[in-house]
Amino acid sequence: MRLSARVDYALRAAAELAAASGGPVTAEQLARAQAIPGKFLENILTQLRRAGLVRSQRGPVGGYWLARSPSDISLADVIRAVDGPLANVRGERPEHVDYDGAARSLQQVWIALRASERSILESVTLEDVSTGRLPATVRTLAEDPDAWAS
């Protein structure tokens, strides 16, 4: 799986918003906290706002905050907001690709790959990330990535 800089920055900014317990957080504060280029972050925050994941307010006490509880926003939600579907092949959903001959079963591999990604990314929330309390399945895989393969 390849994560774009846009996705990486969006997840990091969203985790900062999840950790913020007070009022709005400015884009400048988010950019500084996670070393994200300011203009790039502004575009990402606009995408997250359009997706209904963050809200914003202008003015001297303005900034950004999550539109829902951090426990109700999965990593998959953030990724889809800024990068589209989790797994696609040449811009198509895996169910819509078709192969012939010896490559025919690749479609099943792409579908399984997407299901695997979703099982993790939809189960981890911004609250999990911001508090460091990741689900046991994720911790287990992170501690021994080869265990899944055996």
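Begin with the whole chain in cartoon view: seven helices and two strands make up its secondary structure. The model is a predicted one. Following the sequence from its start, the order of elements reads α-α-α-β-β-α-α-α-α. With the C-alpha trace displayed alone, the chain extends over about 65 × 30 × 25 Å along its principal axes.

**First stop: H1 and H2**

Select residues 5-19, which form helix H1, together with residues 27-34, which form helix H2. The two axes come within 10 Å of each other and cross at roughly 115°. Angles from 65 to 115 degrees count as roughly perpendicular, and H1 and H2 are therefore roughly perpendicular to each other. The crossing of this pair is right-handed.

Next, show the side chains where the pair touches. On the H1 side, select Arg12, Ala13, Glu16 and Leu17; on the H2 side, their partners are Leu30, Ala33 and Gln34. Coloured by class, the residues of this contact comprise four nonpolar, one polar and two charged.

**Second stop: H3 and H4**

Move on to helix H3, residues 38-50, and helix H4, residues 75-83. At what angle do the axes of H3 and H4 cross? The angle is roughly 110°, and the axes come within 9 Å. That value makes H3 roughly perpendicular to H4. The crossing of H3 and H4 is right-handed.

For the contact itself, select Ile44, Gln47 and Leu48 in H3, then Val78, Ala81 and Val82 in H4. The residues of this contact divide into five nonpolar and one polar, with no charged residue. The contact of H1 with H2, by comparison of the displayed colours, includes two charged residues.

**Third stop: the largest pocket**

Keep H4 displayed and add helix H5, residues 106-121; each of these helices supplies at least two residues of the lining of the largest pocket. Which helix gives the largest share of that lining? The largest share comes from H5, with three residues.

To centre the view on the pocket, select Arg2, Leu86, Ala87, Asn88 and Glu117, which lie nearest its centre among the 16 residues of the lining. A surface drawn here encloses about 290 Å³ of space in the largest pocket. Finally, colour the lining by class: eleven residues are nonpolar, two are polar and three are charged.

How values were computed:
Residues numbered from 1 in each chain as written. Predicted model: local features only at pLDDT ≥ 70, side-chain atom pairs only at ≥ 80, totals over all residues. Heavy atoms only, no water. Axes fitted to C-alpha atoms, helices over the stretch in contact; angles between N-to-C directions. Helix = DSSP H or I, 4+ residues; strand = E, 2+ residues; numbered from the N terminus. Parallel < 35°, antiparallel > 145°, perpendicular 65-115°, else oblique. Left-handed = near helix turned anticlockwise from the far one by under 90°. Contact = heavy atoms within 4.5 Å. Nonpolar A, V, L, I, M, F, W, Y, C, P; charged D, E, K, R; others polar. 1 Å grid on protein atoms, 1.4 Å probe; cavity = no way out; pocket = protein on both sides within 12 Å on 5 of 7 lines; lining within 4 Å. Points joined across faces, edges and corners; volume = space filled by probe spheres on them.
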